[in-house]
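Hi,

Here is the structure I promised to pass on. Have a look at it first, then read my notes underneath.

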Amino acid sequence: MTRYARVESLKSDLGVADLVDLPAPQLDEGEVMARIERIALTTNNMTYAVYGDALGYWNLFPAAQAGYGCMPAWGFAEIVESRASDVTTGTRIFGYFPIATHLRMRPTTVTARSFVDGAAHRTGTPDVYNLYELQPRDTDPRQDSLTAIYRPLFITSYTAADYLRERDFFDAEQFVVSSASSKTAYGTAYCLTDSPAPKIALTSARNIDFVNGLGLYTATHEYADLTAVDPTKRTVYVDLSGDPALRRRVHEHFGDQLAFDCLIGSTHADHLPEEDESLVGPAPVFFFAALQLDAYKAEGQSRAFMQRYQHDERGFLEHVGRPERPSIELLEHAGLEDAPAVIAGFHDGSTDPAVGHIFIPNAG
Ligand SMILES: NC(=O)c1ccc[n+]([C@@H]2O[C@H](COP(=O)([O-])OP(=O)(O)OC[C@H]3O[C@@H](n4cnc5c(N)ncnc54)[C@H](OP(=O)(O)O)[C@@H]3O)[C@@H](O)[C@H]2O)c1
């Protein structure tokens with residue numbers, strides 16, 4: 001018998017998640033049932049939960065239990081039941097899902113390449129979260145896993161590098177990248193290779209060897225050794241940690257030589273920075289990839305962007321997946337039973353950046 005289940009996170013303590021069984025949903029006219037094949041979890045999913053209220057992520061998949069929210073995840077699904085005339089069963093899609101066995105959806109704006117889930121509650125977030133791209137069948141599961149893990153992260157790295165490139169990299173003589181072990185960080189270092197400026201990694205002591213092994217940074221320092229980085233060079237700070245104490249140290253260390261502070265991530269923070277006049281140098285500028293993608297769409301550039309992006313993403317996935325020295329070891333979890341423990345690891349920071357967590361919700 002088909003099981004319908006979903007992972008729900010306790011909003012008041014995001015380290016706690018429950019696997020909840022649900023009644024079999026009944027489709028209304030115009031709806032489809034997606035059976036979730038494969039989804040990935042990284043720290044980025046924890047950040048969606050951290051900003052669940054502030055940035056509207058909790059609206060996308062309402063939870064059954066009061067005080068809980070559904071942490072979103074990226075991955076693949078197959079339409080297994082359809083009451084929508086323009087989306088047939090057997091259609092495969094890539095997009096944003098709850099950590100669940102199934103998702104009931106209401107396709108709108110159906111084209112030969114994609115559709116949008118027009119469910120009434122899916123409001124308040126950028127369009128990209130409601131868009132589902134149609135996928136070929138019989139793809140390579142390992143490649144799908146790499147796509148599920150890296151697509152939302154590398155597209156951020158890629159658009160952030162575009163943003164810096166369009167501004168001549170602020171004439172950087174070096175980039176300093178925090179939470180350098182995160183996939184979004186090292187994807188950004190990869191995308192910045194057309195700038196000759198060194199890419200200096202900052203990371204936790206326990207992740208130094210992993211970061212050095214990536215071969216994407218010029219030098220690696222643990223957070224405590226920020227003072228070893230040359231403060232006389234014009235510096236762009238690419239901030240994946242969001243750590244306010246580290247930000248202050250970075251601004252004080254580089255002083256007038258800090259050309260730009262590009263805030264992308266929050267691996268070490270649970271809120272966006274407030275205006276702080278006591279901070280030396282330029283105020284951090286939050287870079288939000290989803291809004292950048294919406295901007296490309298508004299300018300009619302989405303297709304051109306995606307063609308360029310998909311070509312370069314292939315190169316990156318070949319780099320991180322290279323058999324002789326993979327940057328990541330894929331760990332497939334059958335079913336959703338392991339999800340609460342994996343989420344707890346993201347919450348307490350014990351997660352190993354060398355492991356890529358993939359869930360096959362309907363296996364087992
Ligand atoms: N702005 C945007 O549009 C956008 C889009 C995508 C992702 N992001 C952000 O990019 C960040 C990185 O995401 P990711 O999925 O690439 O990460 P990831 O690969 O899962 O990163 C793992 C690394 O993050 C740090 N970390 C994770 N949890 C921590 C904790 N509880 N305490 C301390 N450090 C912790 C550690 O790095 P270190 O030891 O190196 O610090 C760890 O090795 C997230 O904050 C994510 O939301 C932003």
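Below is what I found, starting with one helix and moving on to salt bridges.

A quick word on the source: this is a predicted model, where local features need pLDDT of at least 70, side-chain atom pairs count only at pLDDT 80 or more, and totals for chains, interfaces and linings use all residues. Residues are numbered from 1 along each chain as its sequence is written, and side-chain values use heavy atoms, leaving out hydrogens and water.

Start with helix α8, residues 339–348 (helices are DSSP runs of H or I with at least four residues, strands are E runs with at least two, numbered from the N terminus). Ala339, Val342, Ile343, Gly345 and Phe346 are buried there (buried is under 20% relative accessible area, exposed over 50%, partly exposed in between, with a 1.4 Å probe and protein chains only). They sit on the same side of α8 because they cover an arc of only 155° around the axis (taken from the directions from the helix axis to the C-beta atoms). Ala341 and Asp348, both exposed, are on the face turned away from that buried side. Just after α8, Gly349 has a positive phi of about 80°.

Now the salt bridges (a side-chain nitrogen of Lys or Arg within 4 Å of a carboxyl oxygen of Asp or Glu): the count is 21. In one, Arg308 pairs with Asp162, with the closest N and O atoms 2.7 Å apart. Arg308 lies in α7 and Asp162 in α2, so the pair ties together parts 146 residues apart in sequence. Asp162 is buried at 5%, while Arg308 is partly exposed at 36%.

Cheers
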